[in-house]
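Student: I should like to learn how to read a structural model. May we go through it together?
Tutor: Certainly; please look at the structure first.

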Amino acid sequence: MDDQVAPPVPEPPDPEGIFARRTLLGVMGVAFGGALGVAVLGATRNLPVAAAAAAPTATPAAVDHSLHAAASPVPSGSPVDHDAQMEAAVTAFPAKTRGIGLQELSSTVVDGAREFRLTCAPLQWEVTPGVVVNGLAFNGQIPGPIIRATEGERIRVIVQNDLAESTGVHWHGQRVPSSQDGVPFLTQPPIKPGATYVYEFTAGPFGSHMYHSHHNATEQVGLGMLGPLIVVPKERTVDPSFDKDELFILNDALGGFTINGKGFPATAPYTATLGQRIRFRFMNEGQGIHPVHLHGLTFEVFARDGYPLPAPFRCDTLNVAPGERWDAIVVADAVGAWAFHCHILGHAEGRTGMFGMVTALLVSA
Amino acid sequence: MDDQVAPPVPEPPDPEGIFARRTLLGVMGVAFGGALGVAVLGATRNLPVAAAAAAPTATPAAVDHSLHAAASPVPSGSPVDHDAQMEAAVTAFPAKTRGIGLQELSSTVVDGAREFRLTCAPLQWEVTPGVVVNGLAFNGQIPGPIIRATEGERIRVIVQNDLAESTGVHWHGQRVPSSQDGVPFLTQPPIKPGATYVYEFTAGPFGSHMYHSHHNATEQVGLGMLGPLIVVPKERTVDPSFDKDELFILNDALGGFTINGKGFPATAPYTATLGQRIRFRFMNEGQGIHPVHLHGLTFEVFARDGYPLPAPFRCDTLNVAPGERWDAIVVADAVGAWAFHCHILGHAEGRTGMFGMVTALLVSA
Amino acid sequence: MDDQVAPPVPEPPDPEGIFARRTLLGVMGVAFGGALGVAVLGATRNLPVAAAAAAPTATPAAVDHSLHAAASPVPSGSPVDHDAQMEAAVTAFPAKTRGIGLQELSSTVVDGAREFRLTCAPLQWEVTPGVVVNGLAFNGQIPGPIIRATEGERIRVIVQNDLAESTGVHWHGQRVPSSQDGVPFLTQPPIKPGATYVYEFTAGPFGSHMYHSHHNATEQVGLGMLGPLIVVPKERTVDPSFDKDELFILNDALGGFTINGKGFPATAPYTATLGQRIRFRFMNEGQGIHPVHLHGLTFEVFARDGYPLPAPFRCDTLNVAPGERWDAIVVADAVGAWAFHCHILGHAEGRTGMFGMVTALLVSA
């Protein structure tokens, strides 16, 4: 090992990224006053929903939205329960849980290759507060850490198998030599329990890719052995410009329906300030489609499986099938708390309120 | 209320539209004579299948299509039952049921905004003849009435909740202020039973959008609380030209697999005369994908979630995922009775014949 | 019958096509030596994986991929079983089974029309070695034989029904006269058991289409009554160039998850030599989506339901919904054994190893 370097990062560090958000919003709560008011208490600043509440710009003062909102006696029974549970879930959002996935994986350059280390092992994973499941993980994270490299760069990944069973790692979307493709018995022997295996290839094509187990994979990937492999293009101009770079990884086995390894209300909200351009990298590591719907804003979809689309398109509901990756820019051009969820409603809400594949994009002024 | 006006309609009124069709085809029957003959009795004119039967233009007279069609003794058992049930279903099409969804919602302009009224209430809904289910509806219709406005126009929707539980209405695809977005506890308090709530926003973006419950939504939308929100572009030239404007709304909870709230044979057929251009607005309010297949003609798909596609494409099977809307032109350039159904065959046909997500496009000369 | 002619074939005959492959690879085995070695024994030549093993070009000699691969004692229990079963399945690939679908259907020109004959009958079909299921088939094949014609050519198909139940044949994607569309009771009487029925129409539009039962279709198509209908464009230049023309037909009822009627390890691998351009015609005749993922290479998707895409795109995971057809070119520009499978992992791998919708593309130098 000759040098210890930070991984290449395509954009300026994101101070309000996926990890900072938890701190920022850790004490966030939602409450309604006499008038429609969404009180959001941020650690360092007022968040957009507070701004929206203070200045409901599009609503003439004459309109009383709570016209008869409390006019009727509330009947007893399940509707009340639903409201109470719903309120509790939204108030708890973002709920604190142990464990954070998608941490940037550090690397060192050794013998001309950027070297990463992955260790596979069982992991107790808290999906929502108090719900701890038996997962399988890379580096104690679900999803696994972010492997980030630049197109054309030589990559080496040393995989240590501390599972009780064999495995193999596939670099989904990368054009690696067949011998490095990670399919046990077809392109390599399985990595036995206790063994270490070394993969090496040149990063490419650029874009949003994935790594995951390709051995007993329904179970191993379902239980958490997956992560993002981001290849930054050599020529940055092939990408549209963006201010923030976010991951949105869907899964539907371990602990139910999850975004980035957590279920609502433990999902982390995304944040932006008015006018920022956010790049979302949607990836589906589950067994079913998940059409992701963002309220109030627009997806400008520009890449599919990492490949730039010849005809980028706009939409508000983006269907992501298993194994697919889609890249979209969202211009945060409207302040608000925008729900962001799978539109298969049964993956997002039930009689006990919202759960699973629900988060929000919070845009502040 | 200062004036009482008809809602803006983007095209000349459609005399053979979704409501007239029922009358037109109410006595439609299908029968086969000695030669292949599909007798369709229309109230006001011969329908295309009759024309096709009378002049099977593409079939040389020398070809006897019923060559040995009755040559064999019919074996007893389930095949006979299937044929009989299938024939009964097709003969019954379009079967009469109580209740029609998708009626145009009237509006009045009040204080500079076009004002619509929606009332949510339980509803007994007849999905197919004799099959009545316990639904939840807007204005006693499933799907709810058509809210139609022009891009840039101010809209006010007064929602009266006559359900036994709380609700909230989301304007799916519209870029409304966060406070008007309809997500209880996140952007507003829930609308309690007996209460009235007022939403107000500027219509946009244009295109095919939806409104639906966003509270206990798996259940409320599944049971019928959904409808179309059509925003006509200010500049009509952004749309391709069309002669008819039709809705094709998919759902898969209440009463099974439905198109516009009804299951085959109670689905309403679409009609056109030769050469007409029909705009279809496909919307999926269900929990699963529904790839819609039209026989014999071609979809020219030009918009996704309301946004014009930069590269419109052609196909005959259009996969519509939950939450998505797709707009396509069908040029009715061939006379016939064209089956039009979800191509997940289990949503359209079983051992008892066709059911669920099946209808037809009837093109007459 | 005035002449007996070979069907039009768009490209030079493919000596290593779907039928030859079985012979070529019949004795293929996979084994690992002391170094990573994939020994592939071809009847007539070394196959690509052997070449890759002999010259692992992208892996520096200094890297020992089997670093500790046998370092640990193997624990007893299911992991061992999984490995053994996985190895057995991959070693058996491609496993020999009785019955081959997708044989080119011969035709004769009679009275100005190219005449094909299809016979529907029950069939015992071996899906994987030893797994024989009760199917329904055209001409004793699942999928049925390839019907191939040229755009604008007159086609006649004589269908003999030797089933115990009625049927009807739909030409999915073809713009036929309504009377030839194959929907019993809507456009024709059902074809009774023992009867013969004649369809006649002009082939078009060009591209990748299908024929299948449209009567009791969930069951009849599910059990095997489906096949490809390929219409070669009059102007060959509307297609990109290709060296090989391959079918990839998905189904998910009869015998589980199948590609071209077989489940892994009985699926036939695709083969190519370095630099060849392979056209894949993906067709979904099943009940669910199947996102097809090809390792190591890239799809250049150029047509949807036969219609050329105005903006062809690249991807590595192509979601194919029921009823859809997609055409893609794969440039075989990297030697290797490339896994090729549905990325709904539960359709491809379980605790007993890979099964179902798995095959490979073998690229040799």
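Student: How many residues line the largest cavity, and which of them lie nearest its centre?
Tutor: On a 1 Å grid over the protein atoms alone, a cavity is a set of points where a 1.4 Å probe fits but cannot get out, and lining residues have an atom within 4 Å of a point. In this predicted model, the largest cavity is lined by 28 residues. Nearest its centre lie A:Arg304, B:Arg304, B:Trp326, C:Arg304 and C:Trp326.

Student: On what conventions do such statements rest?
Tutor: Residues are numbered from 1 along each chain as its sequence is written, and chains are lettered from A in the order in which they are written. Because the model is predicted, local features need pLDDT of at least 70 and side-chain atom pairs count only at pLDDT 80 or more, while totals for chains, interfaces and linings use all residues; side-chain values use heavy atoms, without hydrogens and water.

Student: What is the volume of the largest cavity?
Tutor: A volume is the space filled by probe spheres set on the grid points, which are joined across faces, edges and corners. For the largest cavity this gives about 590 Å³. The count of cavities of 30 Å³ or more comes to 19.

Student: How do the residues of the lining divide into nonpolar, polar and charged?
Tutor: Ala, Val, Leu, Ile, Met, Phe, Trp, Tyr, Cys and Pro count as nonpolar, Asp, Glu, Lys and Arg as charged, and the others, Gly among them, as polar. The lining of the largest cavity has 19 nonpolar, three polar and six charged residues.

Student: Which strands of chain A supply at least two residues of that lining?
Tutor: Strands are DSSP runs (E, at least two residues), and helices are runs of H or I with at least four residues, numbered from the N terminus. In chain A, strand 17 (307–315) and strand 18 (317–320) do so, as do strands 17 and 18 of chains B and C. Chain A has four helices and 23 strands.

Student: Is C:Pro205 buried or exposed?
Tutor: Buried means under 20% relative accessible area, exposed over 50%, and partly exposed in between (1.4 Å probe, protein chains only). C:Pro205 is buried, at 18%. This residue is in the loop between strand 8 (196–202) and strand 9 (207–213) of chain C. Contact means heavy atoms within 4.5 Å; beyond four places in sequence, C:Pro205 touches C:Gly173, C:Gln174, C:Arg175, C:Val231 and C:Tyr307.

Notes: 1 Å grid on protein atoms, 1.4 Å probe; cavity = no way out; pocket = protein on both sides within 12 Å on 5 of 7 lines; lining within 4 Å.
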